[in-house]
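Student: Could you walk me through this structure, beginning with what the strand labels mean?

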Amino acid sequence: MGFNSGKVIGITLGLIVAGLIYALTQKEMIEAVSLWLGEALSQNKIQVTESKPVEPVQAPLILYIEKPALKPSARFAFHYKLYAKNDLVLYAETVNWKIVSIDEQQVTWESDTNWLEAYSRNPFLPPLTATETLYQTTARRDYLTAADVFPISSSEPKAVRIQDRTVADSRPYTWSCLVTGQETLSSMGGEFPVEVVTCVAREGKIGTETFKYSKRHGHWIYRERSGFDLPRLTVELVSYQD
């Protein structure tokens, strides 16, 4: 028998057509071909991506402390702790204080141990005059610039120049205070919301005082001193009467 090339070509074409018909009748193939044709014919391909909404930037909250309104009849009991370098407590005692005089410029306190301390109406400054004790080692100071720096805020430190007068050759130093936070203080005298004020001494003296100020009491109810070439000191409210 002779080779019939026309018949072979016809059979081959028939098989190809049958294969195409079968493939195009399958759902997956139809979807694939449709997707390919759509991409091939599209002149401008648009890519859609999911994006999260941008949250507006909020301005930071600025904290303020206005000039405290201390009550003339106020009485405080504070617990003092003086620490060694290894953080062991060297001395600890509770001292009761009452206000013996108060005006627009100054407030004077007296303790049940007959200590006297006179402050400006800024409770975040060291006293102008004080009885020398284990906890207070300077008897007299001068404020070389205005002490009324209220309101104290968390955005800009307020500074006062101070000089110790107990030592003749003492150097002036800068006392700079800033509101550094808010918290709820759990003290021996109870739990109270407070603003935290951090004061830093530079130049003639180097040290830090941290005060936790309570609007309810019109005064700080916790204080911590570090530096100044002195042992660390903490003072914590035990009780209060107004």
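Tutor: Strands here are DSSP runs of E with at least two residues, numbered from the N terminus. By that definition L90 lies in strand β3, which covers residues 89-102. Please keep in mind throughout that this is a predicted model.

Student: Okay, and is L90 buried or exposed?

Tutor: L90 counts as partly exposed, because its relative accessibility is 47%, and partly exposed is the class between under 20% for buried and over 50% for exposed. L90 also belongs to a nonpolar surface patch with Y91 and L134, and together these residues have about 300 Å² of accessible area.

Student: What order do the strands of the sheet come in?

Tutor: The sheet is open and has 12 strands, in the order β6-β5-β4-β3-β2-β14-β13-β12-β11-β10-β9-β7, with antiparallel pairing. Its edge strands are β6 (129-130) and β7 (141-143), each of which pairs on one side only.

Student: How many bridges hold β10 and β11 in register?

Tutor: Strand β10, residues 173-187, pairs with strand β11, residues 190-203, in the antiparallel sense over 14 bridges. As a point of reference for the register, G181 stands opposite V196 in β11.

Student: Switching to covalent links, how many disulfides are there?

Tutor: A search of the whole structure finds 1 disulfide. The partners are C177 and C199, whose sulfur atoms lie 2.1 Å apart. C177 sits in strand β10 and C199 in strand β11, so the pair ties together parts that are 22 residues apart in sequence.

Student: What about the handedness of the link between C177 and C199?

Tutor: The link of C177 and C199 is right-handed, with 110 degrees about the S-S bond.

Student: And are those cysteines buried or exposed, C177 to begin with?

Tutor: C177 is buried, with a relative accessible area of 5%, and C199 is buried as well, with a value of 0%.

Student: Moving on to aromatics, how many pairs does the structure hold?

Tutor: There are 12 aromatic pairs in the structure. One of them joins F76 and W109, whose ring centres are 5.4 Å apart and whose planes stand at 55 degrees, so the pair counts as tilted. This pair links distant parts of the chain, since F76 is in strand β2 (residues 75-83) and W109 is in strand β4 (residues 106-111), 33 residues apart.

Student: Why tilted and not edge-to-face?

Tutor: The planes of F76 and W109 are at 55 degrees, and the tilted class holds what is left once planes under 30 degrees apart are called stacked and those over 60 edge-to-face.

Student: Which residues make up the aromatic cluster?

Tutor: One aromatic cluster is formed by F76, F78, W109, F124, F150, F211, Y213, W220 and Y240. Within that list, both F76 and W109 are buried.

Student: Now the charged side chains: how many salt bridges are there?

Tutor: The count comes to 13 salt bridges. One of them brings together the side chains of E104 and K67, at 4.0 Å from N to O. That pair also links distant parts of the chain, with E104 in the loop between β3 and β4 and K67 in the loop between β1 (64-65) and β2, 37 residues apart.

Student: Which residues share a network of salt bridges with K67?

Tutor: K67, E104 and D148 are linked in such a network. K67 forms a salt bridge with D148, and their closest N and O atoms are 3.9 Å apart. K67 lies in the loop between β1 and β2 and D148 in the loop between β7 and β8 (152-153), so this pair ties together parts that are 81 residues apart in sequence. As for accessibility, E104 counts as exposed at 56%, whereas K67 is partly exposed, with a relative accessible area of 33%.

Student: And where does R216 sit, relative to the strands?

Tutor: R216 is in the loop between β12 (207-214) and β13 (219-227), while D242 is in the segment after β14 (233-241), 26 residues apart. The side chains of R216 and D242 meet in a salt bridge at 3.8 Å, N to O, and D242 is partly exposed, with a relative accessible area of 46%.

Student: Last one: how many residues separate A77 and V235 in sequence?

Tutor: A77 and V235 are 158 residues apart in sequence, yet 9.9 Å apart in space, C-alpha to C-alpha. A77 lies in strand β2 and counts as buried, at 2% relative accessibility.

Terms used. Residues numbered from 1 in each chain as written. Predicted model: local features only at pLDDT ≥ 70, side-chain atom pairs only at ≥ 80, totals over all residues. Heavy atoms only, no water. Patch = residues over 30% accessible without salt bridge, like charges linked within 9 Å, V, L, I, M, F, W, Y side chains within 5 Å. Areas by Shrake-Rupley, 256 points an atom, 1.4 Å probe, with all protein chains shown as cover. Helix = DSSP H or I, 4+ residues; strand = E, 2+ residues; numbered from the N terminus. Buried < 20%, exposed > 50% of the residue type's maximum accessible area, 1.4 Å probe, protein only. Pairing = 2+ DSSP bridges. Disulfide = S-S within 2.5 Å. Phe/Tyr/Trp six-rings, centres within 6.5 Å; stacked < 30°, edge-to-face > 60°.
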